[in-house]
Protein chains: 2
Amino acid sequence: MLWELLGLVSGVLSIALAVVLYLWVTKQDSGTDRMKEVATAIQVGAKAYLSRQNRTLIGFLAIMAPIIGVLTAFGLSRDPELAISAAGVGVAVAVAYLVGAGCSTVAASLGMMAAVHANVRTANACRSGLKKAFPVAFYGGAVMGLGIVGMALIGVSLIYWLTNSVFGWPEATAVNVVLGFSFGASALALFAKAGGGIFTKTADIAADLVGKVELGIPEDDPRNPAVIADNVGDNVGDVAGMGADLVDSYIAAIVAAMILGVSIGGGIFAVLPLLISAMGLFASIGGILLVRTFMRKSPGGALNAGTYATSVIFVGLLFVITRFAGLEGNQWLGVFLPTVAGLAAGIVIGMTTDYFTSIDRKPTLRTAEAASRGTAISILTGFSYGLLSMIPSILGICAAMFGAWRLAEVFGIDPFYGIAMSAVGMLSIAATIIAGDAFGPISDNARGIAEQGSLGKDALEIADTLDAQGNTSKAVTKGFAIGAAALTVLALFAAYTHLADIDLAQGINLISYPVIIGLFIGAMMPPVFSALLILAVGRNAGRMVEEVRRQFRDIPGLLEGKAKPDYATCVDMATRGALRELLLPCSLALIIPILVFIVLGKEALAGCLAGSILTGIIFALLMANSGGAWDNAKKYIETGAFGGKGSEAHKAAVTGDTVGDPFKDTAGPSLNTMITVMSLVAEVFVPVLILLGL
Amino acid sequence: MLWELLGLVSGVLSIALAVVLYLWVTKQDSGTDRMKEVATAIQVGAKAYLSRQNRTLIGFLAIMAPIIGVLTAFGLSRDPELAISAAGVGVAVAVAYLVGAGCSTVAASLGMMAAVHANVRTANACRSGLKKAFPVAFYGGAVMGLGIVGMALIGVSLIYWLTNSVFGWPEATAVNVVLGFSFGASALALFAKAGGGIFTKTADIAADLVGKVELGIPEDDPRNPAVIADNVGDNVGDVAGMGADLVDSYIAAIVAAMILGVSIGGGIFAVLPLLISAMGLFASIGGILLVRTFMRKSPGGALNAGTYATSVIFVGLLFVITRFAGLEGNQWLGVFLPTVAGLAAGIVIGMTTDYFTSIDRKPTLRTAEAASRGTAISILTGFSYGLLSMIPSILGICAAMFGAWRLAEVFGIDPFYGIAMSAVGMLSIAATIIAGDAFGPISDNARGIAEQGSLGKDALEIADTLDAQGNTSKAVTKGFAIGAAALTVLALFAAYTHLADIDLAQGINLISYPVIIGLFIGAMMPPVFSALLILAVGRNAGRMVEEVRRQFRDIPGLLEGKAKPDYATCVDMATRGALRELLLPCSLALIIPILVFIVLGKEALAGCLAGSILTGIIFALLMANSGGAWDNAKKYIETGAFGGKGSEAHKAAVTGDTVGDPFKDTAGPSLNTMITVMSLVAEVFVPVLILLGL
């Protein structure tokens, strides 16, 4: 069966389109010299960040890859049933791990470079109208979406095809190698998401504290040494970080479904997740190409239409592939329906997230109104709505799980496989979602460049429209990413129990002390991880504030605009600080699952994973949505409500927004990645540790 | 076996001592006319609050009691094995429910009246020195501790004795009636804790917003119409609320242990929890009487010594009672050691909580330092340390559970019974803990009265010393209460699985969708409950701010101090608002468990309870400790650090403190009660619903 090569085909097509779009974007005009100057500074900063991040990542990989390879080989060598070379598999897993990290890194880096070229061109296109500007921003973002998802699918397809069809390894072993690839991609995701999150807020807070608060110069002012780091940060966090995060979930969902597919007999069940993802990528390519034709009045309408078009095409292709995959009787419905349920849940979760952070809805309006009664009340109000915001998302996840399980069962498909397929279904349109998300920071940057380049009121208004839509896309993507991560880790959870040789029918007893202790420890991880990241932002910003103050003190004529600040040092400081601060929280995510397994056993680790999923999702939603509500409450007041800019209410809202910054851009979004990484650590190491007799 | 009457004896002794202390306290001199005036206003306000709360409670009970009675009777009438009158049991359960609520209410009301008489007398005694003032405050608080715990133990003992020994009902049925008593006590706890929490912060915020912020008059100024409500609030929240909460856990732990005791054979196992609690109460009586002799230098030392003395006496008595209870072979160690483990964990958890909120430790100092860098950073820092603060407490709970389980198992005792006994052990010294806790608001009030009564610098300094110690006691008690609630609900969880006829050995499968959905829904409850309470405080405070403004506008000469404000209207508004706002969150706590059971089944409900325990503890610790850190950071700055009072850092810290107020005094502490109530709802209704075939 060479069907898995469909994944390869769709991946290649996707990357080809990404290249075409990249070339198209870079062909656009970058505008005035002043604009080019700002854009070049951002590009240089982005490159500086990427090169340091990637060097650190290589160091990390150099330690991890041999460990994984040797442990796998050593563990497998004790498996009496294994007929193939344990050392060969060990090498393959280590290589897959490196390839996984490498592919994601290359794709994320290229996507980010596309974004930092698209921003200035979008700004310039704003001078010619919304219909000219929108495609530049959107296609700039689409490079990221198409590139990283295409790369991921090529990797998974090729590895599975090589190991299973070419080397002739058993399906279970082939999937094991794919798992190594997934683990590699998650390594990058952790760096890009958590490290990028620290980076972006370090720069943001330092720029604001010295620039706006101490010296009273406006936002995005080129005299501020931290301003370029701030602009780079938007791209690091929202383009590279979010892309890496979603792809991390994307690959993990496919792998989890493949593991479960092998466990229920393999064959078509093992490759179906790949095939369905390929259909999703074809659909995304179609949807992305169609977005431009949907652009009539508002960019928001076009983006939504693109998502719906992708979904409709996907469901059509899904029908064809499941109906004619050769499943017995009505079994195809047991795959088709759970996959559609997952997709539907993803869209619903994304849209309801929007409610809690939209500038014209109750949560944001109440938070803004509360700001007129003082900072504390505003913070309490935003926080409370953040807590309430979890209701629709969690009910959506529960509904998807319930639907997937029952529908699979009814049509004779293993229910765990059904849940895994619902995760695959939700993430199948990842390329379109990432494209819409990356549109956000590109528009945000474009607005900054338009302001700094003095493009005039009309262009600025268009840039504002794009920026506002970008914020909505970012919020929708965050909700989607959390929902996707939830279903993915639930699928990984089921895959874990299979890999750890836990009898699924007998299961894991919730009322036994190892499981309860595991639950408590797992549940503690996301809040502790969040706290460490938030404190890291504070420390790192503190250091950078010193540097910015130093530059204003030591560089003569800087404040008067006669001299240029040293942007590069600020970018470098933020990068080094972010990567250093990453050490403790990331080590915890890697070590705790292994420790729990060794001390308390595999049932306790199952509890630990379940606990981390529960609170991970709760804290991710709380932080993303309270942060969004505070941010938009500030923007709402800036439209003139409750006294407008400069009023007491505005000051209160600004404080709320600053509290929300590390919530929504550092800690919150990193939690998805953290819980995925914890689950992957369990999958990768536990079977080996069991074989080693630990 | 009339051993259970030991509980009665200890309870009567405890109440006798409470009465003696009450009389002693009220015999002390209340000082100047001005002081008496303030104190009388607080007393009148407290009475007004109590009378309205109790009236609402009666309405609530009038609806609930018949429902519980009829359902029980109806359910039992379908039980073919029941040889006694189902109607009789139904009536008994309903009556026990009413008695449980009644006893707690009477004890809490008396305890609170003792506190509002002790405060002014403490203030007056401050004029004669610390050694005179300390016993007044402490014994004032001890009335609450001894009264409410004594009442609880009398209730449990009498009901068990009457139903089992006098009526001759089987042990399981007798325990069922005791469960009704426990559920009744929890009804009051929910009202006192959540309602009181809304009340106290409504008054606090309204008093501050109009008084300090708008008019610039000092804290505790008698011209402020909300000031008495604020003082009443301290007593409502910390005396009545915390007492009711701890006793709620206390009774629930005993009942859970009795249920499990019956399930493993009954006899001595059924009554041991009662006997051990009686030993704990004897020990507490001793410890409380000894506190005064420990008072040499600092009140903190005396309070700690009292706790240690109680613990030592308790362990001695525990040894005697378990060793000679007639258990076979080494089985007594399987009860003795888990009980000691629970007690030790409680003390350790209380003490480590202290670290995270102490004015001279890193978390608070860092939060204060962050305040010098702006409001947002200060809030983020306190929040982060609040998240980190869960580590020692959760590890402590896990250690207690692990120890209790393993130690029980080793000595041939059912491990679930071991966990229940560790909860009983932890709570056995509840009377001493509540006494120390109630000391807090009494000292706080005394400080306010000393200020308003112009008692001079020396007296004020002594009042300050007491107040500072009171804050520490309150923090320690909060940690203790959360730990106790955690172990108690874990014991209730085990009891639930027994009552719901779930095979403990086979257990509840964590990897099945009803359980996972239950976990998600349960985990969602504490954050949603918190959000509703915090928003309620905001709304209620908004209404009260209007009233305070109205009084300053409409009462001529009020601001000049020539006219008196209308304190009573403010107290009444805060009360009515608090009770009204209680409706939605409390209904959720009562209805959701039943709904989950009916829609998804008993395994899902087990998941739901487990989920609520997990996040309940996490959010309770987060809110209590971040609130404490912000509060003490403000106090630290007021000692002159980072610019002292009036500086920018101070303003930032005040905002942090205001954010923390509903965290630590409304939402956080109510979560203990909420998770206990949810578990009790499951125990009370599920067996009946199962018999009814739902």
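**Buried residues, salt bridges and a chain interface**

Student: Why does A:Gly453 count as buried?

Tutor: In this predicted model, the relative accessibility of A:Gly453 is 12%, and because the cut-off for buried is under 20%, A:Gly453 counts as buried. The residue is placed in the loop between helix H14 (430-452) and H15 of chain A, and, with neighbours within four places in sequence left aside, A:Gly453 is in contact with A:Arg34 and A:Met35. A:Glu37, which is 416 residues apart from A:Gly453 in sequence, is 9.4 Å apart from it in space, C-alpha to C-alpha.

Student: What makes B:Met258 buried?

Tutor: Its relative accessible area is 0%, and since buried means under 20%, B:Met258 is buried. B:Met258 belongs to helix H6 (residues 227-263) of chain B, and the residues it touches, not counting those up to four places away in sequence, include B:Val156, B:Tyr160 and B:Pro273.

Student: How do you know that A:Ser679 counts as buried?

Tutor: A:Ser679 has 1% relative accessibility, so it counts as buried against a limit of under 20%. This serine is found in helix H20 of chain A, where, leaving aside neighbours within four places in sequence, its contacts are A:Val489, A:Leu492 and A:Leu609.

Student: Why is A:Lys193 said to have no salt bridge?

Tutor: A salt bridge needs a side-chain nitrogen of Lys or Arg within 4 Å of a carboxyl oxygen of Asp or Glu, whereas the nearest side chain of opposite charge to A:Lys193, that of A:Asp245, is 4.5 Å away, so A:Lys193 is left without one. A:Lys193, a buried residue, has its place in helix H5 (residues 171-215) of chain A.

Student: What makes A:Arg447 and A:Asp464 a salt bridge?

Tutor: Their side chains meet at 2.6 Å, N to O, and the limit is within 4 Å, so the pair is a salt bridge. A:Arg447 lies in helix H14 and A:Asp464 in helix H15 of chain A, so the pair ties together parts that are 17 residues apart in sequence. A:Asp464, at 34% relative accessibility, counts as partly exposed.

Student: Why are A:Glu547 and A:Arg550 described as separated by about one helical turn, and is A:Glu547 buried or exposed?

Tutor: The two are 3 residues apart in helix H16 of chain A, and that is why the separation is about one helical turn. The closest N and O atoms of their salt bridge are 2.9 Å apart. With a relative accessible area of 10%, A:Glu547 is buried, whereas A:Arg550, at 30%, is partly exposed, because that class lies between the 20% and 50% limits.

Student: What makes up the side of chain A that touches chain B, by class?

Tutor: That side has 52 nonpolar, 15 polar and 2 charged residues. The contact takes 69 residues from chain A and 69 residues from chain B, and the area buried between the chains is about 6,000 Å², with carbon and sulfur atoms giving 88% of that area. In chain A, A:Ile511, A:Tyr513 and A:Phe520 lose the most area to chain B, together 14% of what that side buries. Between the chains the count is 0 salt bridges, and there are 4 residue pairs in polar contact, both residues being at pLDDT 80 or more. The largest share of the side of chain A that touches chain B comes from H16(A), with 17 residues.

Key:
Residues numbered from 1 in each chain as written. Chains lettered and ligands numbered in written order. Predicted model: local features only at pLDDT ≥ 70, side-chain atom pairs only at ≥ 80, totals over all residues. Heavy atoms only, no water. Helix = DSSP H or I, 4+ residues; strand = E, 2+ residues; numbered from the N terminus. Buried < 20%, exposed > 50% of the residue type's maximum accessible area, 1.4 Å probe, protein only. Lys, Arg positive; Asp, Glu negative; His and termini not counted. Contact = heavy atoms within 4.5 Å. Buried area = accessible area lost by both parts, 1.4 Å probe. Polar contact = N/O pair within 3.5 Å; in protein donor to acceptor, adjacent residues only side chain to side chain. Nonpolar A, V, L, I, M, F, W, Y, C, P; charged D, E, K, R; others polar.
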